[in-house]
Amino acid sequence: MSLNEADTRAKLIDPAIHTRGWTEDHIKREVSAGTIEIIEGKAQRRAKGRVDYTLRIKITAESQPVAMALIEAKAERLQPGHGLEQAKAYAICKRINVPFVFSSNGHQFVEYDFFTGITSPPRPMTEFPTPGDLRIRYENGKGFSLDSPAARALLTPYTGGEGARRYYQDAAIRAVLEKIARCEITGEPERALLSLATGAGKTFIAVNLLKKIADAGNMRRALFVCDRDELRTQGLAAMQRLFGSDAAAAAGNDPVKNARVVVATYQTLDIDSDEADANFLIQHYPENYFSHIVIDECHRSAWGKWSQVLTHNPGAVQVGLTATPRRFPTADTEEGDRDEQITADNVRHFGEPVYEYDMAQAIEDGYLAACEIYKGRVNLDDTGVSLEEIIARNPVDAVTGQAVGAGDIRHQYEKYLFEDKLLLPDRVLVMCQDLFKYLLETGGPEQKTIIFCARDRHADDVAATMNNLYSEWCKESRMPRLEPYAFKCTAASGGGDYLPDLRGAMRHHFIATTVDLLTTGVDVPCVRNIVFFKYVRSPIAFYQMVGRGTRIDLPSGKLMFHVYDYTDATRLFGEEFITKLPKGSGGGGGDGGGEGEPEHSIVVEGFDVRVTPAGRYIVTDVDGKAMPVTVEEYKNRMAERLIQEAPTIDIFRRDWITPAVRHPLIERLVTSGYSPNVLRMVEEMEDYDLYDVLADAAYGMAPRTRKERTNSFVYKHEEWLREMPPVTAATIKAIASQFTRGGTDGLENQQIFKTPAVMRAGGLEALKALGKPADVLRETKERMFSA
């Protein structure tokens with residue numbers, strides 16, 4: 001009998017590479033958070049996520065090991081390179097940030113070399129590269145020696161050990177340090193750009209990156225630049241956890257020049273707009289005062305002059321952090337001075353991102369919440385509104401309330417002008433009614449929600465309408481009102497004062513209506529819904545808005561969030577971050593609108609407004625990008641992938657009852673971009689085991705809830721149970737009952753024989769009448785899933 005993947009690793013691969021010098025100190029198990037599991041209607045994590053085995057080189061006993069390669073185990077019966085096509089090997093190298101990937105069935109191995117792009121033919125395990133072999137090839141490919149001073153920070157251990165960091169955070173930190181080391185050798189400017197999904201922990205990366213550099217003796221003074229006071233507070237707290245009092249925030253007239261790490265906002269440094277003169281920066285910090293600079297949210301390049309921080313410190317190591325690396329087509333813009341060139345294009349200044357970790361990968365790994373999209377189409381938005389239609393409905397000025405004549409009205413208003421130049425109360429009401437209906441269907445109206453609006457006035461109108469709908473619902477349902485319910489959260493209204501309530505209050509401040517205030521960096525993990533009532537043209541602005549919902553919030557059980565899209569904003573998923581360089585400041589990512597009242601807005605009532613559903617979608621990985629696909633398409637793609645693994649229901653049933661086969665099977669589905677747990681959530685099948693979810697999707701089997709499957713086990717196998725001693729039969733029924741609570745995992749619980757129900761029925765001793773308890777348990781599982 002051939003060995004499965006786990007046994008191949010333990011019994012064949014590990015001994016073989018050990019003889020080649022790879023001891024336990026060289027091997028690191030990188031475990032992801034795990035995809036989402038729902039048990040008894042509650043979202044939980046799986047027991048474990050994907051496991052990547054990395055091979056690392058340790059230069060000295062005290063140094064931080066450096067990851068060199070990843071090794072994938074294949075079942076002994078498979079070809080050594082089974083499933084390791086070049087595209088996958090390339091993706092693994094990028095995700096783990098290692099230059100080599102090996103695949104082995106225990107007898108032979110295949111290698112992919114990222115430096116050359118070449119995949120080797122199968123070779124015997126006796127020829128597996130030694131640590132010394134890989135070190136030489138790594139150093140030649142990277143362009144520096146691990147013994148050189150340039151690599152000192154790379155070899156510096158994490159403060160407090162590696163337990164707190166995630167695999168991709170380590171990969172990102174290594175990628176920056178590797179580029180800095182290479183640039184130090186070549187004499188190139190020491191600059192690096194990191195692109196990570198919102199919520200992936202960019203601040204953690206920045207803090208640990210600077211700490212490793214400081215502990216290596218390479219940092220004189222560092223500057224961490226962020227946007228807004230809220231982010232400065234978060235950044236300072238993170239810096240002080242590792243740097244203590246050596247980290248301080250610049251504010252007011254205090255440049256905190258005694259600090260080794262200065263945390264400052266764009267606004268404090270006077271670099272937050274085209275009109276800013278960088279007075280604070282230039283007055284308090286001489287040229288090259290900082291040896292290291294980290295720019296958070298560096299996609300702000302379109303709107304400010306923060307590049308003066310970089311040009312004022314040309315000798316500094318410069319690192320840009322963003323969820324959205326922005327490019328501008330230079331052919332469409334006039335060449336400006338050096339400032340404008342740097343500001344216009346992060347990639348041109350920092351270079352291509354040294355590491356990228358996008359939303360789809362983060363969802364797959366279980367570090368960000370899964371995303372379901374509900375799209376709606378508004379009839380008026382499809383047609384626009386004409387002058388004749390407006391005149392027929394007695395338009396009035398939005399400020400004075402006075403009648404407006406035809407001379408002050410455009411010939412045609414398209415959807416981009418709605419709630420900006422043309423205010424449509426009927427449209428606001430119908431869209432809010434549709435949203436409120438969805439809230440009622442997905443857990444109730446009291447969910448933390450952010451609604452993005454076109455203008456400050458629009459935010460006012462939406463908040464008032466949502467409050468009215470909530471009050472009516474409370475009256476009809478005889479429920480107490482939890483107030484304030486909906487509130488405007490814009491810069492013009494001092495919305496920053498409400499952020500603590502939005503974040504922390506569980507019985508008030510549920511619905512925040514905003515324009516731009518909540519688009520960047522504000523950490524509100526409990527937000528479950530992102531709503532687009534405004535039209536968005538910039539992919540950068542869009543990703544920042546969606547990012548407000550991506551964070552997982554374990555205290556509230558949030559592992560998934562919804563996007564309600566009424567303006568086709570989600571078309572921007574997967575778009576390149578390319579826009580023309582705006583002229584002037586213009587906030588909101590070049591989307592038009594803003595926090596303030598436009599001139600000559602008119603109000604028109606009396607339109608027949610309708611919202612029609614335009615589909616449900618799941619965000620998943622499509623060709624390396626986070627993209628929405630319809631729920632049906634997602635289900636079909638998952639079914640196709642599952643049938644490749646298990647062509648028939650009988651094969652699937654056989655594989656399912658063996659954990660060593662089932663777990664890698666699910667892992668392969670997830671790594672191909674399709675999570676069974678996400679499908680279960682969006683199909684509202686929380687009461688079903690994943691077996692039934694998948695069997696329904698791929699093989700057309702009528703699904704049974706866990707309770708139904710447990711009940712059918714008893715009547716389908718009544719004769720088998722009748723033939724055994726009563727106490728044994730009672731014990732097996734008690735074991736089967738665990739499926740109702742925990743599904744397949746409940747039957748495989750190592751403590752199953754110690755559960756009260758099983759012990760009361762007879763426990764472990766009662767099963768011995770049929771043979772080995774393990775064999776009886778396996779047969780029980782087989783019968784649980786039998787036809």
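This is a short walk through one predicted model, taking a few strands, a pocket and some single residues in turn.

Since the model is predicted, local features are taken where pLDDT is at least 70 and side-chain atom pairs count only at pLDDT 80 or more, while totals for chains, interfaces and linings use all residues. Residues are numbered from 1 along each chain as its sequence is written, and side-chain values use heavy atoms, with hydrogens and water left out.

Let me start with strand β24. When I speak of helices (H or I, at least four residues) and strands (E, at least two), I mean DSSP runs, numbered from the N terminus. In a regular strand the side chains alternate between the two faces of the sheet. In β24, residues 511–514, Ile511 and Thr513 point one way, whereas Ala512 and Thr514 point the other way, and all are buried. Buried here means under 20% relative accessible area, exposed means over 50%, and partly exposed lies in between, with a 1.4 Å probe and protein chains only.

Two strands are said to pair if DSSP finds at least two bridges between them. Strand β22, residues 449–452, pairs with β24 in the parallel sense over four bridges, and one of the partnerships is that of Phe452 with Thr514 of β24. Strand β23, residues 486–488, also pairs with β24 in the parallel sense, over three bridges, and there Ala486 stands opposite Ile511.

Between β23 and β24 we should look at helix α16, residues 499–504, which together with those two strands makes a right-handed β-α-β unit. Right-handed means that, with the strands pointing away from the viewer, the path from the first strand over the helix to the second runs clockwise. In the loop between α16 and β24 lies His509, which has a positive phi of about 55° although it is not a glycine; at 7% relative accessibility, His509 counts as buried.

On the other side of β23 in the numbering, the loop between α15 (456–477) and β23 holds Pro484, and a cis peptide bond joins Glu483 to Pro484, with omega about -5°.

Asn97 is another residue with a positive phi, about 60°, although it is not a glycine. Asn97 sits in the loop between α2 (86–96) and β6 (100–104), and it is buried, with a relative accessible area of 11%.

Now to strand β17, residues 370–378, which is mostly covered, as eight of its nine residues are buried. Strands of a sheet pair through backbone hydrogen bonds, either parallel or antiparallel. Six bridges join β17 to strand β26, residues 560–565, in the parallel sense, with Ala370 partnered by Met560. Six bridges also join β17 to β28, but these two strands run antiparallel, and Ile373 stands opposite Tyr617 in β28.

Strand β28, residues 611–622, contains Ala614, which is partly exposed, with a relative accessible area of 24%. Setting aside residues up to four places away in sequence, Ala614 touches Lys375, Gly376 and Arg377, where contact means heavy atoms within 4.5 Å. Ala614 and Asp568 are 46 residues apart in sequence, and their C-alpha atoms are 9.7 Å apart in space.

There is also an open sheet of three strands in the order β19-β27-β21, with mixed pairing. Its edge strands are β19 (396–397) and β21 (422–423), each of which pairs on one side only. Two bridges join β21 to the parallel strand β27, residues 602–603, and Leu422 stands opposite Ile602.

Finally, the second largest pocket. On a 1 Å grid over the protein atoms alone, a pocket is an open set of points with protein on both sides within 12 Å along at least five of seven lines, and lining residues have an atom within 4 Å of a point. The second largest pocket is lined by 40 residues, of which Gly201, Lys202, Thr203, Phe204 and Asp523 lie nearest its centre. The elements giving two or more residues to this lining are α5 (202–215), β11 (222–226) and α6 (228–243), and α6 gives the largest share, seven residues.

Not far along the chain from that list, Thr198 lies in the loop between β10 (191–196) and α5. Thr198 is buried, with a relative accessible area of 9%, and, leaving aside neighbours within four places in sequence, its contacts include Ala323, Leu368 and Tyr543.

Definitions and conventions. On a 1 Å grid over the protein atoms alone, a cavity is a set of points where a 1.4 Å probe fits but cannot get out, and a pocket is an open set with protein on both sides within 12 Å along at least five of seven lines; lining residues have an atom within 4 Å of a point.
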